[in-house]
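Hello! Here are some notes to read alongside the structure, written for someone meeting it for the first time. Keep the view open and find each residue as you go.

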Amino acid sequence: MKIFVYHTPELTPTDSIPDCAIVVDVLRATTTIATALNAGAEAVQVFSDIDELIEVSEKWPADKRLRVGERGGQKVEGCDLGNSPLNCTPEVVEGKRLFMTTTNGTRALQKVQNAPVVITSALVNRRTVVEYLMTTKPETIWIVASGWEGSFSLEDTACAGAIINSLCSEMGYPIDNLGGNDEVFGAVALYYQWQNQLYKLMNTASHGQRLARLECYDDLKYCADTDIVTVLPIQSEPGVL
Ligand code: 3SL
């Protein structure tokens, strides 16, 4: 097993493909995806383009769909929901397909959608992702952080470190055996630094500060919660989890 971390979709190679790609967008797309599926959503289908989302979702029964749209942290006009995981209660999402577009997370997913296995992780479902990796033991794993418009995001790389740290300790593997690129060691060091103050990390991260300016305080708290949801969002067809 070899793990590679990429800080942004733009830094993710295009000339090869891993056995398993894990997309991370802690604030907030992959936290929302895990929460929605855990609450009984039928599936989450992702789009980078809002017009395509509208066109495809139009073909779905209106009472079985929800349009989720976020740009710059705010709900896209005409969508049913913005990207707050706290909107995804069973009352709202059960039995529905979420048609979702966000600034960075859905773009990161599309970047690796041709990998044989694509899953998403956030802190909320980190443990379930680690259990899946321990069971299936993919030879090559890429953890693709969504970042923010091409730049590094503190919370995504810390989550990558949280996944790797847990995998190493559960499997009794030294990190030197698993690390495929330098970013792996950086991610684990970052997680060590913040592991006991993840809520503070959310508030320190530049996107966390952006969300705080939009008064999404409860989202920041929820996104810092670790191992509270036992769902494995896994791609069943390109763009559908
Ligand atoms: O960039 C994204 O994909 C979103 O998760 C950003 S936000 O947290 O919804 O603002």
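The points below go through a helix, some salt bridges, the ligand and a sheet.

1. Before anything else, please remember that this is a predicted model. Each value below was computed from that model.

2. Let's begin with helix α11, which spans residues 217-224. Which of its residues are buried? They are Asp219, Leu220, Tyr222, Cys223 and Ala224. These buried residues pack against three other helices, namely α1 (29-38), α9 (198-204) and α10 (206-213). As you look, a general point may help: an α-helix has 3.6 residues a turn, so residues three or four places apart point the same way.

3. Stay with Asp219 for a moment, as this residue makes a salt bridge with Arg28, where the closest N and O atoms are 2.7 Å apart. Why is this pair worth finding along the chain? Asp219 sits in helix α11 and Arg28 in the loop between β2 (20-24) and α1, so the bridge ties together parts that are 191 residues apart in sequence. Are the two partners buried or exposed? Buried means under 20% relative accessible area. Asp219 has 5% relative accessibility, so Asp219 counts as buried. Arg28 has 4%, so Arg28 counts as buried too.

4. How many salt bridges does a search of the whole structure find? The total is seven. Another one joins the side chains of Arg97 and Glu42, at 2.8 Å from N to O. Arg97 belongs to strand β6 (residues 97-101), while Glu42 is in the loop between α1 and β3 (43-46), so this pair links parts 55 residues apart in sequence. Arg97 counts as buried at 9% relative accessibility, whereas Glu42 is partly exposed, with a relative accessible area of 41%.

5. Next, look for Arg126 and Asp227, whose salt bridge has its closest N and O atoms 2.9 Å apart. Arg126 lies in helix α5 (residues 126-136) and Asp227 in the segment after α11, so here the parts tied together are 101 residues apart in sequence. At 10% relative accessibility Arg126 counts as buried, but Asp227 is partly exposed at 32%. Salt bridges can also form a network, as they do for Arg127, Glu131 and Glu170.

6. Now turn to the ligand. There are 14 residues around the ligand, and those that come nearest are Arg28, Asn83, Thr102, Asn104 and Gly105. You have already met Arg28, the salt-bridge partner of Asp219. For polar atoms, look at Asn83: a polar side-chain atom of this residue lies 2.7 Å from an oxygen atom of the ligand. The backbone takes part as well, with a polar backbone atom of Ala29 at 3.0 Å from a ligand oxygen and a backbone N or O atom of Leu27 at 3.3 Å from one. How much of the ligand does the protein bury? Taken alone the ligand exposes 290 Å², and the protein buries 100% of that.

7. Last comes a sheet. This is an open sheet of four strands in the order β3-β6-β4-β5, and the pairing is mixed. Its edge strands, β3 and β5 (74-75), each pair on one side only. Between β3 and β6 the pairing is parallel, over four bridges. Here Arg97 returns: this β6 residue is the bridge partner of Ala43, and its side chain also meets Glu42 in the salt bridge from point 4.

Note on methods:
Residues numbered from 1 in each chain as written. Predicted model: local features only at pLDDT ≥ 70, side-chain atom pairs only at ≥ 80, totals over all residues. Heavy atoms only, no water. Buried < 20%, exposed > 50% of the residue type's maximum accessible area, 1.4 Å probe, protein only. Helix = DSSP H or I, 4+ residues; strand = E, 2+ residues; numbered from the N terminus. Contact = heavy atoms within 4.5 Å. Salt bridge = Lys/Arg side-chain N within 4 Å of Asp/Glu carboxyl O. Near = heavy atom within 4 Å. Polar contact = N/O pair within 3.5 Å; in protein donor to acceptor, adjacent residues only side chain to side chain. Areas by Shrake-Rupley, 256 points an atom, 1.4 Å probe, with all protein chains shown as cover. Pairing = 2+ DSSP bridges.
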